[in-house]
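Please look at the sequence and the 3D structure shown here before reading on. The paragraphs below go through the structure piece by piece.

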Amino acid sequence: MSVEWAYTLSEPLLGAPERDAVADCLDSGWLSMGPQTRDFENRFAARIGADHAIAVSNGTAALHLALSAVGVGPDDEVIQPSINFVAAANMTRALGARPVFADIVAINEPTLCPAD
């Protein structure tokens, strides 16, 4: 089935190596938390110089863990871009905090505006 999108994000480039990796995962009997995940976590941690890394199922789960890890909780404010995926605000709210939206300084300075 083909879907017509007004704006495409990107076309996936999937070939034999990706099919083989999926088959290896299925053949191992683990769809998550198995040897491939452990190997990925270890290699990722080594690559960035960390003692540990934890793989999660999606970006929303990663945002939840990251906000939790830095202690975000009730009565906190989390400044985030006004143009962003809704998961950032959702996970902020899930932890009892309040998202505060800020725009960028300017098109040639795309950092969050301190005045906002």
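What follows starts with the confidence of the model and then moves through its helices, loops and strands.

The structure is a predicted model. Its mean pLDDT is 91, and 98% of the residues reach 70 or more. pLDDT is the predictor's confidence in each residue, on a scale from 0 to 100. Among the elements of the protein, helix α4 has the highest mean value, 96, and strand β4, made of residues 109-112, has the lowest, 89. Where pLDDT is low, the predicted coordinates should not be read in detail.

Begin with the loop between α1 (16-28) and α2 (35-48), where leucine 31 lies. Is leucine 31 buried or exposed? With a relative accessible area of 69%, leucine 31 is exposed, because the cut-off for that class is over 50%. Leu31 also belongs to a nonpolar patch on the surface, together with Val22 and Leu26. The accessible area of these three residues together is about 330 Å². Methionine 33 is found in the loop between α1 and α2 as well. Its backbone has a positive phi of about 60°, although methionine 33 is not a glycine. Methionine 33 counts as exposed, at 63% relative accessibility.

The next element is helix α2. Here the side chains of aspartate 39 and arginine 43 meet in a salt bridge, with 3.4 Å from N to O. How far apart are these two residues in the helix? Arginine 43 and aspartate 39 are four residues apart in α2, so about one helical turn separates them. Arginine 43 is exposed at 59% relative accessibility, while aspartate 39 is partly exposed at 39%. Helix α2 also holds arginine 47, which is exposed with a relative accessible area of 75%. Arginine 47 and glutamate 18 are 29 residues apart along the chain, and 21 Å separates their C-alpha atoms.

After α2 comes the loop that leads to α3, and asparagine 58 has its place there. At 39% relative accessibility, asparagine 58 counts as partly exposed. What does its side chain do at the start of helix α3 (residues 59-69)? A side-chain oxygen of asparagine 58 reaches to within 3.0 Å of the backbone nitrogen of threonine 60. Just after α3, the backbone of glycine 71 takes a positive phi of about 85°. Further along, in the loop between α3 and β1, is aspartate 75. Aspartate 75 is not a glycine, yet it has a positive phi of about 75°. With a relative accessible area of 77%, aspartate 75 is exposed.

The chain then enters the strands. How many salt bridges does the protein have? The count comes to two. One is the pair in helix α2 already described, arginine 43 with aspartate 39. Another joins glutamate 77 and arginine 98, whose closest N and O atoms are 2.3 Å apart. This pair links distant parts of the chain: glutamate 77 is in strand β1 (residues 77-81), arginine 98 is in strand β2 (residues 98-102), and 21 residues separate them. Glutamate 77 is exposed, with a relative accessible area of 51%. Arginine 98 is partly exposed, with a relative accessible area of 46%.

Last, turn to helix α4, which covers residues 86-94 and includes threonine 92. Where does threonine 92 stand on the scale from buried to exposed? Its relative accessible area is 0%, and because buried means under 20%, threonine 92 is buried. The side chain of threonine 92 reaches the backbone oxygen of alanine 88, at 2.8 Å. Which residues does threonine 92 contact, leaving aside its neighbours within four places in sequence? They are Leu67, Val78, Gln80, Ala97, Arg98 and Pro99. Arg98 in this list is the arginine that forms the salt bridge with glutamate 77.

To go over the ground once more, compare two residues from the text. Leucine 31 is exposed, at 69% relative accessible area, whereas threonine 92 is buried, at 0%. Leucine 31 is in the loop between α1 and α2, and threonine 92 is in helix α4.

Terms used:
Residues are numbered from 1 along each chain as its sequence is written. This is a predicted model: local features need pLDDT of at least 70, side-chain atom pairs count only at pLDDT 80 or more; totals for chains, interfaces and linings use all residues. Side-chain values use heavy atoms; hydrogens and water are left out. Buried means under 20% relative accessible area, exposed over 50%, partly exposed in between (1.4 Å probe, protein chains only). A polar contact is a pair of N or O atoms within 3.5 Å; within protein, one must be able to donate a hydrogen and the other to accept it, and residues adjacent in sequence count only if both atoms are side-chain atoms. Contact means heavy atoms within 4.5 Å. Patches are made of residues with over 30% relative accessible area and no salt bridge: like charges are joined within 9 Å, nonpolar side chains (Val, Leu, Ile, Met, Phe, Trp, Tyr) within 5 Å. Accessible areas come from the Shrake-Rupley method with a 1.4 Å probe; for residues, only the protein chains shown count as cover. A salt bridge is a side-chain nitrogen of Lys or Arg within 4 Å of a carboxyl oxygen of Asp or Glu.
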